[in-house]
Amino acid sequence: MVRLNCPKISKEKERKKESSMSRPFPLYPTSINRWSSWAISNTFKISYTTKAKKAMETHNLTVKQLYCCLLLGIFVIISFQASFSEAETHYHEFVIQAKPVRRLCRTHNTITVNGLFPGPTLEVRDGDSLVIKAINNARYNVTLHWHGVRQLRNPWADGPDRVTQCPIRPGRSYTYRFTIENQEGTLWWHAHSSWLRATVYGALIIHPKLGSPYSFPMPRREIPILLGEWWDRNPMDVLRLADFTGAAPNVSDAYTINGQPGDLYRCSKQETVRFPVDPGETILLRVINSGLNQEFFFAVANHILTVVSVDADFTKPFATSFIMIAPGQTTDVLLTADQTPGHYYMAAHAYNSANAPFDNTTTTAILEYKSAPCNANKGRSSTPIFPQLPGFNDTNSAIAFTSSLRSPSKVNVPLQIDENLFFTVGLGLINCTNPNSPRCQGPNGTRFAASINNVSFVLPTRNSLMQAYYQGQPGVFTTDFPPVPPVKFDYTGNVSRGLWQPVKATKLYKLKFGAKVQIVFQDTSIVTVENHPMHLHGHHFAVVGSGFGNFNPQTDPAKFNLIDPPYRNTIGNPPGGWVAIRLVADNPGIWLLHCHLDSHLNWGLAMAFLVENGVGELQSVQPPPLDLPQC
Ligand SMILES: [Cu+2]
């Protein structure tokens, strides 16, 4: 094909663009060399797969041993082919370290993994295991969380600080070991300590087992799209200031796509991410909201998106002109480059559901047809076409998108419920004895808080919850988390001031192994109504219903979708409304449930489930690894 690229784009830049895209995961590696070069290029020479390691060893054989080599060669070929059906173990080293990163005209000493921002993409198959040595060379405590990975019987690898582990101290390391079991699609990983995940995050892509199909025609080209938030200062200082004043933390200064703000921000245009496409080709966008505190609308100008998967669970394909994605969620969409060859913006801006300040800027990247014509204008490419995004507070569009999601076919939703939980989720205010104190700069001399069923979750300091539980250490938590709010009130109406102040505590809720659980998340109008993206660790769940106003236990369950509801790991309630989920508590251990807006998590919008062991080893928590950090 004749390429009409603009003369200003040099060969060097072309290469850079190509390398910014994910190369196709080898479905059937044709040679050992290809496999090992894939492993090395994708893991920055410090990680390797067991197969690549085997391959490198075989390269050391000498000619003298020709006969031996022949036999061995045959053996290697046979074992290599046999291993097609085998799972692999992927070894990685994640060095958490500060690295100068320049954005918005200023350089910040940014906490990264291996000096990369965003961090490295992990690419595995269902059934594979990961061994990731996290080395903390930063000046903060850190933990890593593999968002959405079920971690069956293995809470030790889950990562939330003081929940399943004590933090990795500066200078120390911890090796996360886990296996992907019956999951495929897009997940991601991020720091789960303080606000480090603002810059410590990356994609985790799970392909089906070799020989297993995708539920949709899988395109050759796939691109992870990590939506993020950038502060023009150290995010840890933003949090520290908010913790001191009790006021809301500053909103971000920019949004980013794969770490770059894009054309609409100062000092950013040169680095805007560009995705070249061949006219007519279909690509898979793996969209991840790795933003700290903001739901996004995302769209690509003139292009229809076909949703095929959310949170690593396939969906019934449906076409849409935009998606709404909350922090913690992932959405896989197919895009066919069927428009006039040209340049098209992909863009994301806030879906702001609260009555609160927010970052109203817009991040962009460019979908660039390889055959796009150039303007005669000094060799510059034509100005990209801009997409139509729903308005910042367009809740109707947000809800219409989320409620269009369905599982591909009938699913096994629990029909008989053992645990019927009703959780109010929302903000609160802590009254101060001295409202003029510099520590009480929230509304009317208060401090912000947030809660579930009026309990504002406090992380333990002496030990992690899971370690305390496993060791039988008393006094770290109690198991009396209330299944319903302590007081019934008109949750989304005009709430009396006497109900605005939550109680701080470390309360867990016990579940028997295998319990069938329903949770209704009911938003409150305390301070403001808002979409709270609730994320449950160690499980995925069916989203069976949602609505505005107060949940009605008499009439609303009749409207539940118990046939083909979507499965997710993170779901938000409509602002001033409720959302209902169902799950089976089939994973023993302690699992955090929390709002994935980190400002709300910090204020206590969290609780944890203690799923008890069942019968025998296969229903019990594994012993902890020897290198598990101690508090
Ligand atoms: Cu929230």
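Strand S19 (residues 343–351) and strand S20 (residues 362–369) pair in the antiparallel sense over 7 bridges. Here strands (E, at least two residues) and helices (H or I, at least four) are DSSP runs numbered from the N terminus, and two strands pair if DSSP finds at least two bridges between them. Within this pair, His349 stands opposite Thr362 in S20. The model is a predicted one, in which local features need pLDDT of at least 70 and side-chain atom pairs count only at pLDDT 80 or more, while totals for chains, interfaces and linings use all residues. Residues are numbered from 1 along each chain as its sequence is written.

The two strands belong to an open sheet of 5 strands with mixed pairing, in the order S12-S20-S19-S14-S17. Strand S12 (274–277) and strand S17 (323–325) stand at the edges; each has a single partner strand, so one side of each is left without a neighbour in the sheet. On average, neighbouring strands of this sheet are turned by 25° against each other, direction ignored; axes are lines fitted to C-alpha atoms, for helices over the stretch in contact, and angles run from 0 to 180 degrees between N-to-C directions.

Helix H6 (residues 395–402) brings the reader back to two of these strands. Its residues Thr395, Ala398, Ile399, Phe401 and Thr402 are buried, a residue being called buried if 20 or more other C-beta atoms lie within 10 Å of its own, exposed if 12 or fewer, and partly exposed in between, with C-beta atoms placed from the backbone. These five residues cover an arc of only 160° around the axis, which puts them on the same side of H6; the arc is that of the directions from the helix axis to the C-beta atoms. The buried residues of H6 pack against strand S16 (313–320), S17 and S19, where contact requires C-beta atoms, placed from the backbone, to lie within 7 Å.

Another group of strands centres on S8 (residues 185–191), which is mostly covered, with 7 of its 7 residues buried. Strand S8 pairs in the antiparallel sense with strand S6 (residues 144–147) over 4 bridges, and Leu144 has Ala191 in S8 as its bridge partner. Strand S8 is also joined by 6 bridges to strand S9 (residues 201–207), again running antiparallel; the partner of Gly185 is Ile206 in S9.

A loop residue completes the tour. Asn494 lies between helix H7 (465–471) and strand S24 (503–505). Asn494 is exposed, with 7 other C-beta atoms within 10 Å. Its C-alpha atom is separated by 7.3 Å from that of Ser525, 31 residues apart along the chain.

Technical notes:
Contact = placed C-beta atoms within 7 Å.
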